[in-house]
Every structure is written in structure tokens, then in C-alpha cells.
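User: I would like to go through this model step by step, with each answer reasoned out from the coordinates. Please keep to what can be computed from them.

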Amino acid sequence: MRAMLCYETGSIDGLVPGEVPDPVPGPGQIAVDVHAAGVAYPDALQSRGLYQYKPEMPYIPGAEIAGVVRSAPEETQVRPGDRVITFAPACFASHVTVDESGCAPMPSTVSPEEAATIPVTFLTAYYALVHLARLSEGETVLIHGGAGGVGLAALQIAKWRGARIITTAGSPEKRNVLKLLGADVVLDSRSLSFVDAVMKETDGEGVDVVLNSLFGEAMERSIEVLKPFGRFLELGKRDYYGNTRIGLRPFRQNLTYFGIDADQLLTRQPQLAVELFTKLVELFEDRTLSP
């Protein structure tokens with residue numbers, strides 16, 4: 001049996017402890033004792049009754065952990081006692097069972113609490129900006145929601161890649177944080193005035209890459225600020241679930257649209273997930289990235 005937290009009702013008051021049977025490990029799966037678990041955006045929304053991932057299923061919190069391998073089959077690369085970071089659904093628990101492909105060595109430069117914030121945010125940002133968009137030195141990137149978890153990870157990765165960074169945030173306090181962290185231009189995400197401001201800051205040319213988490217008209221207007229051969233990286237979910245329509249005319253300029261759900265890397269592209277995770281850990285080990 002394993003101890004875990006789950007919701008009886010869609011609010012923080014409905015978060016209760018319980019016990020559930022251990023799952024039977026499948027091929028290539030390992031058991032990990034949880035030392036720290038990250039709190040993701042859906043967890044925060046669910047605690048206020050504002051989010052349900054799939055209406056037909058209860059939401060069980062937790063998606064990323066740092067921990068120590070409890071047991072592993074002989075064919076896996078990890079051994080009992082290894083410290084790892086991993087994606088783990090329903091991970092507000094004493095221990096979890098996960099696929100080896102979703103694990104990486106825990107960087108020696110961080111604590112377990114810091115390490116537990118790496119998998120969702122940094123893998124998403126790295127997959128989007130480096131693997132998909134190929135963000136390169138001298139390019140300009142617009143990062144929406146820069147003060148969120150993925151936004152802060154993206155800011156570090158964009159600086160490492162040598163890009164000029166324009167970012168948005170929804171409050172003066174968040175915008176001040178982004179300025180202190182080295183963003184070149186910081187704009188208001190709650191006003192469509194960012195469109196004109198971006199074009200002004202780029203002398204009318206636009207940006208090479210947009211990392212988007214806005215929805216509705218703000219999402220559509222963000223496509224307009226891409227220069228020819230620009231790449232649009234969609235992280236938001238509301239327009240997907242709402243089946244939002246967008247016009248194709250801007251895409252005649254050789255634009256590329258990427259819909260991003262990093263969770264599917266683990267189930268559909270496990271080898272790629274391993275490669276990206278390995279590169280991320282190296283960047284933490286040499287202190288290029290920090291939690």
C-alpha cells in the first residue's frame with residue numbers, strides 16, 4: 001500500500017490523505033520513494049475548484065518529483081539508491097511507480113525540493129525553444145506569462161541561447177521580477193497593447209519565436225507579431241478545448257505552429273524524452289541553469 005493525497009471535492013478543503021494499493025510494475029518500470037513533489041499550475045487551479053483535466057475523471061494532484069529509487073528490474077539503467085527526478089502522476093504520495101524513460105539523475109547542484117520543480121517547467125521550455133523552435137543566438141523571442149514556472153525556465157534557456165527576450169506578465173510585481181532576472185523588454189500581458197509595443201521594439205520586423213500561454217484574441221494577435229519563418233509555440237489548453245479557429249493567412253509567410261503537450265513525450269516519444277532530460281541535467285550540473 002502507498003499513502004497519498006487526493007481530492008474528495010474540487011477545493012483545497014477536499015484534499016485528504018488515504019491509502020491505495022501499489023500498482024504492479026510493468027516492463028521497464030521502477031519504484032521511487034518521494035522526497036519532494038512539485039506543485040503544478042493545474043494543482044493550484046484544482047485546489048480552488050477551477051480545473052478538471054478530464055470531466056469524466058477525478059483529478060489526483062501531483063505531476064513531478066525528486067526521490068530515491070526503491071526498486072528496479074535488472075534491465076533498467078537505474079539502481080536502487082539512485083537519486084532521480086521524474087514525471088509521476090498522482091505523486092503527492094509516499095512512493096510512485098514510473099517508467100524509466102521519464103527519469104533522469106537528480107542534478108548534484110540542487111536540493112530535492114529544488115529538483116522537484118525541474119521536470120515539468122524546464123523540460124517543457126527546453127523541448128519548445130530548443131528542440132522544436134531551434135532558438136538561436138541573435139533571434140528575438142516573445143515569452144508570454146514570463147513570471148510563471150515555464151516562463152521563468154524559458155527565460156533562462158533563452159538567455160543561454162543568446163536570444164533577445166521580450167516577455168509579458170500580468171502585474172507590476174511580476175514585471176519587476178522579470179526585469180531583475182534579465183528580460184530585455186517587459187510588457188503587460190493583460191492588454192493587447194503588447195502587439196504594438198512588440199512591433200515598436202523590433203523596428204516593425206516582429207519576433208522569431210513566440211512562446212504562448214495566452215488565449216482567445218491575445219493568442220491570435222500574438223501570431224501577427226511573428227516575422228517570416230517565425231515559430232509559434234502553443235502551451236495553452238483553453239483554445240484547444242474550445243476548438244478555437246484561427247486564420248491561415250499569416251502562415252503564408254513560412255510560419256510554423258507547434259502545439260505542445262510535454263506529457264505525451266513520455267508515452268509517445270520516450271527515447272526523445274530521455275535525450276532531452278539528459279541534456280537538461282547537464283545544464284544544471286554545469287550551473288548554466290538554476291532552479
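User: Which residue in E4 stands opposite Ala37?

Analyst: In this predicted model, strand E3 covers residues 29-37, and 6 bridges join E3 to strand E4, residues 64-71, with the two strands running antiparallel. Within that pairing, the residue of E4 that stands opposite Ala37 is Ile65.

User: Over how many bridges do E3 and E6 pair, and which residue of E6 stands opposite Ala31?

Analyst: Strand E6 comprises residues 95-99, and the sense in which E3 pairs with E6 is antiparallel. The pairing extends over 5 bridges, and the residue in E6 that stands opposite Ala31 is Thr97.

User: In what order do the 6 strands of the open sheet follow one another?

Analyst: The pairing in this open sheet is parallel. Strands E10 (185-188) and E13 (256-259) each have a single partner strand, so they stand at the edges, and one side of each is left without a neighbour in the sheet. From one strand to the next the twist averages 15°. Read across the sheet, the order is E10-E9-E8-E11-E12-E13.

User: Which residue of E10 is the bridge partner of Thr167?

Analyst: Strand E9, residues 164-169, pairs with E10 in the parallel sense, and 4 bridges make up this pairing. For Thr167, the bridge partner in E10 is Val186.

User: At about what angle does helix H6 run to E10?

Analyst: Helix H6, which spans residues 193-201, lies across E8 (140-143), E9, E10 and E11 (207-212). Taking the N-to-C directions of both elements, the angle at which H6 runs to E10 is about 160°.

User: Why can the chain be called as compact as a globular protein of its length, and what is its radius of gyration?

Analyst: The chain has 10 helices and 13 strands, and its C-alpha atoms fill a box of roughly 60 × 40 × 35 Å along the principal axes. For 291 residues the globule rule gives 19 Å, and the computed value is close to this, so the chain is as compact as a globular protein of that length, with a radius of gyration of 20 Å.

User: What percentage of the residues count as buried?

Analyst: The accessible surface of the chain comes to about 14500 Å², and 52% of it belongs to carbon and sulfur atoms. Among contacts between residues at least 6 apart in sequence, 62% join residues at least 24 apart. With buried taken as under 20% relative accessible area, the share of the 291 residues that count as buried is 47%.

Methods. Residues numbered from 1 in each chain as written. Predicted model: local features only at pLDDT ≥ 70, side-chain atom pairs only at ≥ 80, totals over all residues. Heavy atoms only, no water. Pairing = 2+ DSSP bridges. Axes fitted to C-alpha atoms, helices over the stretch in contact; angles between N-to-C directions. Contact = heavy atoms within 4.5 Å. Rg over C-alpha atoms; globule rule 2.2 N^0.38 Å. Buried < 20%, exposed > 50% of the residue type's maximum accessible area, 1.4 Å probe, protein only. Areas by Shrake-Rupley, 256 points an atom, 1.4 Å probe, with all protein chains shown as cover.
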